[in-house]
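Thank you all for coming. I would like to take you through one model this morning, beginning with its metal sites and then moving on to a helix and one of its residues.

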Amino acid sequence: MSTVAQNHINIEAELQAAIGANTLHLHYQPKADLQSGQIVGMEALLRWQHPTHGLIPPTVFIPVAENSELIVRLGDWVIQQVCADIVNWLAVGLKPPSVAINISPVQLQDPGLTSRLSHMLQAQNLISDQISLEITENVLMYRSENIDKAFSDFKQKGYLLALDDFGTGYSALSYLKHFPFDYVKIDKSFIKEIPHNPDDVSITKAVIAMAHSLGIKVIAEGVETEAQCKFLSDNMCDQIQGHFFSRPINAEQMQALLKDRPVLDKHLLRMGKPDRTLLLVDDEPNILNALKRLLRKDDYRILIANSGQEGLEILERNQVDVIISDQRMPLMTGVEFLRNAKKSYPETVRIILSGYTELQYITDAINEGAIYKFLTKPWDDELIRANIREAFHYKEMEDENRRLTLQVQTTNQELISANKQLAEMLKQKQKQISRDELSLSIVREVLQYVPMPIIAVDDEDMVVFMNSSAEKVIPASRIELGCQIEHLIPEAGSGMREFSEGLWFPVEVYGQPFDAQWKNMGEQSKPSGKIVMLIDHRC
Ligand code: C2E
Ligand code: MG
Ligand code: MG
């Protein structure tokens, strides 16, 4: 930070020059869906290649830009570049999913942002579905009328909104209720240590549950390992973003990725069926080889580790169903290893295979659930194969139960989300109706001031409106709203049948000569019927 402070002026001035100097570019990072495994979005991330200082990360220059007007110019450059890249991808026949653009809370203060955004999209023939907006949680600290207006405009134009870096700042879940976010992005600092940090596990689960109950989807940032991905998928997270699926890449590389359409492995999906994976842990290589040879015919994916520590490392990177561990190993015994494994991966089925029987120790471990079975060395080949088959069967039944629960939760979540969208649509519709009503009353008022008599009739020629100029030329005794125009001004009624639309024809209105003309209504608005205008012949 102090280096940044020292360079404050430089960064600002040089960044200003960089906007036109081709030293800024965008990287894109895909987001993968945990139900389909496919790429369903991507995030645009700004990069600054400084001619002498090399690559400067956005975490250094964005805060400097936010201290001046520069962030607005920088933000516009990003939007324009994203639009240009989308157009290039479309031109080669690709269908890019929506691209998320990071919007600084300072940009949101700018009342011209929404209309500029719309113009930039329109200029490239793009629609609001093709981009989405990510706004950091800090926005909650900057709340103002401008920001509330920006949120409401974004929703009205149909942009999807994500609350970025959730959990790092204000992190009040209750705030989510008051803002129209479609997605919450759990900050990478919480993802980093799952599944072994129990606090992060609890926080992540709580955020997912709370967001889903509000009809908001959840994206996890900074997913780097298979174990993190599996944990998130098992716990109903909707999408992942991070080095595990892909690092941020340039537009050309993204084009290749969109063409290849990589998907997440099936066993990592929310309801995906995993390969049967077995982890063997023993400090004696001979035992591991003998077991591997024996189990080769049983079609398991077999992973091996020479110590408890190595076993834990494998578990971190792989999704394992059944673990078979030796008891006597240096540094960490089998029971200690399986206790640790249970803590972070409770759904695994854990078996001890040992020649030694330290009865009390093993019984305790079985009683507390750390161990599912205890098998003895030397083993009977057929018996151990049958035991392992049974362990997989047990695991698959548990998985099936979990899958069913997830299915029920997913359906519930989809219902809540559909309800939320419906409520949002109704809100927008209601706003539209109020706006229409307002403009209708303004039009009515304007018509009252027009010096020319104007009368509107419906499809059955029944009078539905007349302005004050019309009321002045028609005797009050004749005026009955709801009567036929024929009854009010007989010559106008017959003229409307005889003369074509838009032609002037003479009429006598209670002794005074007028010229009349009629027009069909509904060319630019919904209502049908006709409008009749009169001009005083003497004027
Ligand atoms: P962010 O919006 O939360 O973006 C995600 C950051 O996480 C990116 O850092 C990305 O490179 C990084 N990341 C992605 N996957 C992993 C992973 O698996 N592990 C780890 N450790 N990190 C991962 P980056 O590109 O340095 O951007 C930092 C922040 O700068 C962004 O955080 C965003 O707040 C801001 N930023 C970037 N581009 C823009 C922009 O165009 N406009 C604005 N206003 N802010 C931007
Ligand atoms: Mg972001
Ligand atoms: Mg973030």
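Before we look at the metals, let me say what I will call a donor: an N, O or S atom within 2.8 Å of the metal, or 3.2 Å for Na, K and Ca, and since water is not among the atoms, a site may look incomplete. Please also keep in mind throughout that what you have in front of you is a predicted model.

With that in place, which residues coordinate the magnesium ion that is ligand 3? They are Asp 164 and Asp 165, each through OD, and Glu 221, which is listed twice through OE, at 1.8 to 2.7 Å. If you follow these donor residues along the sequence, their spacing reads D-D-x55-E. Asp 165 belongs to strand S6, whereas Glu 221 sits in the loop between S8 and H10, so this pair ties together parts of the chain that are 56 residues apart in sequence. As for accessibility, Asp 165 has a relative accessible area of 21% and is therefore partly exposed, while Glu 221, at 7%, counts as buried, the cut-off for buried being under 20%.

The other ion to consider is the magnesium ion that is ligand 2, whose protein donors are Glu 43 (OE), Asn 102 (OD1), Glu 134 (OE) and Asp 164 (OD), lying 2.0 to 2.3 Å from it. Here the spacing of the donor residues in sequence is E-x58-N-x31-E-x29-D. Distant parts of the chain are linked by Glu 43 in strand S2, residues 39-50, and Glu 134 in strand S5, residues 131-136, a pair 91 residues apart. Glu 43 is buried, with a relative accessible area of 5%, and Glu 134 is buried as well, with a value of 1%. You will have noticed that Asp 164 appears in both lists: Asp 164 bridges ligand 2 and ligand 3, and the two magnesium ions lie 4.2 Å apart.

Let me now turn to helix H9. H9 has 16 residues, 198-213, which at 1.5 Å a residue should span 22 Å, and the end C-alpha atoms are indeed 22 Å apart, so expectation and model agree. Which residues of H9 are buried? They are Asp 200, Val 201, Thr 204, Val 207, Ile 208, Ala 211 and His 212. Because they cover an arc of only 135 degrees around the axis, they are on the same side of H9. On the other side of H9, Pro 198 and Asp 199 are exposed. The elements that cover the buried residues include strands S6, S7 and S8, together with helices H8, H10 and H16.

The two ends of H9 also deserve a word. At the N-terminal end, Asn 197 acts as a cap, with a side-chain oxygen 2.9 Å from the backbone nitrogen of Asp 199, and after the helix comes Gly 215, whose phi is positive, near 75 degrees.

Finally, I would like to single out His 212, which lies in H9 and is buried, with a relative accessible area of 7%. The side chain of His 212 makes a polar contact, at 2.8 Å, with the side chain of Asp 238. Apart from neighbours within four places in sequence, the residues in contact with His 212 are Lys 217, Val 218, Met 236, Asp 238, Gln 413 and Ile 416.

How values were computed:
Residues are numbered from 1 along each chain as its sequence is written. Chains are lettered from A and ligands numbered from 1 in the order in which they are written. This is a predicted model: local features need pLDDT of at least 70, side-chain atom pairs count only at pLDDT 80 or more; totals for chains, interfaces and linings use all residues. Side-chain values use heavy atoms; hydrogens and water are left out. Helices (H or I, at least four residues) and strands (E, at least two) are DSSP runs, numbered from the N terminus. The expected span of a helix is 1.5 Å times one less than its number of residues. Buried means under 20% relative accessible area, exposed over 50%, partly exposed in between (1.4 Å probe, protein chains only). The arc is that of the directions from the helix axis to the C-beta atoms. Contact means heavy atoms within 4.5 Å. A polar contact is a pair of N or O atoms within 3.5 Å; within protein, one must be able to donate a hydrogen and the other to accept it, and residues adjacent in sequence count only if both atoms are side-chain atoms.
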